[in-house]
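Work through the exercises below with the model open beside you. Try each task before reading its solution.

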Amino acid sequence: MGKGVSPSPERARVAVLLSGRGSNLQALIEAQQRGTLPVHIVGVGSDQPDAPGLLHARAAGIPVWARAPRDYPDKAAFEADLRAAMTQSQPDWIVLAGYMRILTAATVEHWRGRLINIHPSLLPRHPGLHTHARVLAAGETEHGASVHFVTPVLDGGPVLMQVRMHVLPGDDAHALAARLLPLEHQLLARSVALLVAGRAQLQGDGIVYDGRRLDAPLQLNTLVPALPG
Ligand code: GRF
């Protein structure tokens, strides 16, 4: 391997789990390639061997592990294999980027404090699925995405950072999803950058950011007060 392409040893090692399209993975790859995200993406895992997102990983030369849970006796066995595969690449951080299965408590515990998820809503509003439709059904005027530490409560762990956008007249769920996605990409790259810089840690049931307990999620944009620091 030429000198220019060797992963620098001091870079944080990041593994990504996905189930689908993988645009958030691609955003991390591009941020890393642009030089704005000092990480080494060491592995991608999936519960969907045909996930389109795996193409992004392969194109970037990232090792891929992808197996169907139905090929295992149970979820615990599948996840034990998933954990073992990811552990081989020695990740410092594990990013759920469109990973569509609820992880078992054993896996969440195994990666506690190093496991984050991107979710397309302003948590704690709308955990779970169909967030865009639910925002519209509730008549809300604001929508967004959250990056949070994963705990055993579905989409319930402490939120590190959010990005917000207005709901516009005439928006349907498709329009909301399309407008939110590029914001998600920025949110995820920025969140990972903060984490690998050592600026935020999970502590108990909260987050310590720059040495102080975070009272409310950081905000990437300015619909509300700007990102501190
Ligand atoms: C994103 O909306 C993310 O917030 C959610 O699943 C979607 C994944 O999109 N958890 P992609 O696979 O990264 O394109």
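The exercises go from the whole chain down to single residues, and the model is a predicted one.

**Exercise 1. The whole chain**

Task: Find how many helices and strands the protein chain has, and how its radius of gyration stands against the globule rule.

Solution:
- Step 1. Count the elements. The protein chain holds six helices and 11 strands.
- Step 2. Take the radius of gyration. For the protein chain this is 17 Å.
- Step 3. Set it against the rule. The globule rule gives 17 Å for 229 residues, so the chain is as compact as a globular protein of that length.
- Step 4. Add the box. Along the principal axes, the C-alpha atoms fill roughly 50 × 40 × 35 Å.

**Exercise 2. Inside, surface and charge**

Task: Describe burial, contacts, surface and charge for the protein chain.

Solution:
- Step 1. Start with burial. Of the 229 residues, 50% count as buried.
- Step 2. Look at contacts with a separation of 6 or more. Residues 24 or more positions apart account for 62% of these.
- Step 3. Turn to the surface. The accessible surface is about 11,200 Å². Carbon and sulfur atoms hold 54% of that surface.
- Step 4. Place the charges. The chain has 21 positive and 19 negative charges, and their mean positions are 5 Å apart.

**Exercise 3. An aromatic cluster**

Task: Which rings do ring pairs link into a cluster with Phe-78? Classify two of the pairs.

Solution:
- Step 1. Get the total. The count comes to three aromatic pairs.
- Step 2. Take Trp-65 and Phe-78. Their ring centres are 5.7 Å apart, with 45° between the planes, and the pair is tilted.
- Step 3. Locate these partners. Trp-65 is in strand 3 (residues 64-66) and Phe-78 is in helix 3 (residues 75-88). The two are 13 residues apart, and the pair links distant parts of the chain.
- Step 4. Take Tyr-72 and Phe-78. The ring centres are 5.5 Å apart and the planes meet at 75°, so this pair is edge-to-face.
- Step 5. Check burial. Trp-65 has 10% relative accessibility, so Trp-65 counts as buried. Phe-78 is buried too, at 1%. Tyr-72 is also buried.
- Step 6. Join the rings. Ring pairs link Trp-65, Tyr-72 and Phe-78 into a cluster.

**Exercise 4. Unusual backbone spots**

Task: Where is the cis peptide bond that leads into Pro-124, and is Gln-90 buried or exposed? Then examine His-126.

Solution:
- Step 1. Find the cis bond. The peptide bond from Leu-123 to Pro-124 is cis, with omega near 15°.
- Step 2. Place Pro-124. This proline is in the loop between strand 5 (115-119) and helix 5 (131-137).
- Step 3. Go to His-126. His-126 lies in the loop between strand 5 and helix 5. Its phi is positive, about 60°, although it is not a glycine. At 13% relative accessibility, His-126 is buried.
- Step 4. Go to Gln-90. Gln-90 sits in the loop between helix 3 and strand 4 (93-96). Gln-90 is not a glycine either, yet has a positive phi of about 50°. The cut-off for exposed is over 50%. Gln-90 has 55% relative accessibility, so it counts as exposed.

**Exercise 5. Apart in sequence, apart in space?**

Task: For Ala-15, Pro-120 and Asp-172, set a separation along the chain beside a C-alpha distance.

Solution:
- Step 1. Ala-15 is in strand 1 (residues 12-18). It is buried at 0% relative accessibility. Ala-15 and Ile-41 are 26 residues apart in sequence and 5.8 Å apart in space. Beyond four places in sequence, Ala-15 touches several residues, among them Val-42, Met-86 and Trp-93.
- Step 2. Pro-120 lies in the loop between strand 5 and helix 5. It is partly exposed at 21% relative accessibility. Pro-120 and Pro-91 are 29 residues apart along the chain, and their C-alpha atoms are separated by 25 Å. The contacts of Pro-120 beyond four places in sequence include His-132, His-143 and Leu-180.
- Step 3. Asp-172 is in the loop between strand 7 (159-166) and helix 6 (173-196). Its relative accessible area is 41%, and Asp-172 is partly exposed. Asp-172 and Ala-133 are 39 residues apart along the chain, with 7.5 Å between their C-alpha atoms.

Key:
Residues numbered from 1 in each chain as written. Predicted model: local features only at pLDDT ≥ 70, side-chain atom pairs only at ≥ 80, totals over all residues. Heavy atoms only, no water. Helix = DSSP H or I, 4+ residues; strand = E, 2+ residues; numbered from the N terminus. Rg over C-alpha atoms; globule rule 2.2 N^0.38 Å. Buried < 20%, exposed > 50% of the residue type's maximum accessible area, 1.4 Å probe, protein only. Contact = heavy atoms within 4.5 Å. Areas by Shrake-Rupley, 256 points an atom, 1.4 Å probe, with all protein chains shown as cover. Lys, Arg positive; Asp, Glu negative; His and termini not counted. Charge placed at Lys NZ, Arg CZ, Asp CG, Glu CD. Phe/Tyr/Trp six-rings, centres within 6.5 Å; stacked < 30°, edge-to-face > 60°.
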